[in-house]
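Reader: I would like a close look at one part of this chain. Please keep it brisk and take me through it residue by residue.

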Amino acid sequence: MTIELIVIGKTDSKEVAALVELYARRVNFYCKFAVMTLPDVRNTKSLTVKQQRTVEGEAILRQLTDGDFVALLDERGTEFRSVEFALWVQKRLNSGVKRLVLVIGGPYGFSEEVYARADAKLSLSRMTFSHQIVRAIFAEQIYRAFTILNNEPYHHE
C-alpha cells in the first residue's frame, strides 16, 4: 500500500518542514509514503471562506482516483489513541487498499465536495492546531503507528 499525505500550501517553517521530512523518510522504511503539497490559493482576500474551500477542494479532488481510501483530518473526526490509530492503519493495509490518502486541509477546512468524497474523518485532538504544525504531528503519528504494528520500542504504553 502507498500512503500519501496531501497538504495545502508550503510551510513557512524550516523546522516543521524538516520534521515532516524526517518522519516521511522513516515511514518509507515500512511502505511507500509521499507528501504532496498543493499550492496555496491565490488572491484569498478577494474570496469568501466558502470560495477558498471550494478552490482548495477542487485541487484536492484532482489528486484522487476511484480506488483511493480518503481520510480527512477534521476537528469532527474520530479521535484515536496511538495504538487505536495503528490498528486503523492495519485495517486499511489488510483491506487491499492500494492507496491511502490522508488530507490536511487549509485553515478553513474542506469543501462539501471533499467531505462527500471522503471515506473517513480523523481528529488528532479536540484542540485546534495550525494546519502547518499538524503536518509534523500527523507524520509522527503515522510513523508511530508502523512502529506499534511492528512491535518496535518507539511507543511506550
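**From Ser123 to Asn151**

Author: Start with helix α5, which spans residues 133-149 and includes Ile137. Keep in mind that this model is predicted.

Ile137 has a relative accessibility of 31%. That value falls between the 20% and 50% cut-offs, so Ile137 counts as partly exposed. Ile137 also belongs to a nonpolar patch on the surface. Its partners there are Leu124, Met127, Phe129 and Ile133. Together the five residues offer about 400 Å² of accessible area.

Now step back along the chain to Ser123. This serine sits in strand β5, residues 120-123. Its relative accessible area is 9%. Buried means under 20%, so Ser123 is buried. What does Ser123 touch beyond its neighbours within four places in sequence? The contacts are Asp74, Glu75, Gly77, Thr78, Glu79 and Phe80. The side chain of Ser123 has a polar partner as well: one of its polar atoms lies 2.9 Å from the backbone oxygen of Ser125.

Finish past the helix. Asn151 is found in the segment after α5. Is Asn151 buried or exposed? Its relative accessible area is 72%, and the cut-off for exposed is over 50%, so Asn151 is exposed. The backbone of Asn151 deserves a look too. Its phi is positive, about 55°, although Asn151 is not a glycine.

To recap, Ser123 is buried, Ile137 is partly exposed, and Asn151 is exposed.

Terms used. Residues numbered from 1 in each chain as written. Predicted model: local features only at pLDDT ≥ 70, side-chain atom pairs only at ≥ 80, totals over all residues. Heavy atoms only, no water. Helix = DSSP H or I, 4+ residues; strand = E, 2+ residues; numbered from the N terminus. Buried < 20%, exposed > 50% of the residue type's maximum accessible area, 1.4 Å probe, protein only. Polar contact = N/O pair within 3.5 Å; in protein donor to acceptor, adjacent residues only side chain to side chain. Contact = heavy atoms within 4.5 Å. Patch = residues over 30% accessible without salt bridge, like charges linked within 9 Å, V, L, I, M, F, W, Y side chains within 5 Å. Areas by Shrake-Rupley, 256 points an atom, 1.4 Å probe, with all protein chains shown as cover. Salt bridge = Lys/Arg side-chain N within 4 Å of Asp/Glu carboxyl O.
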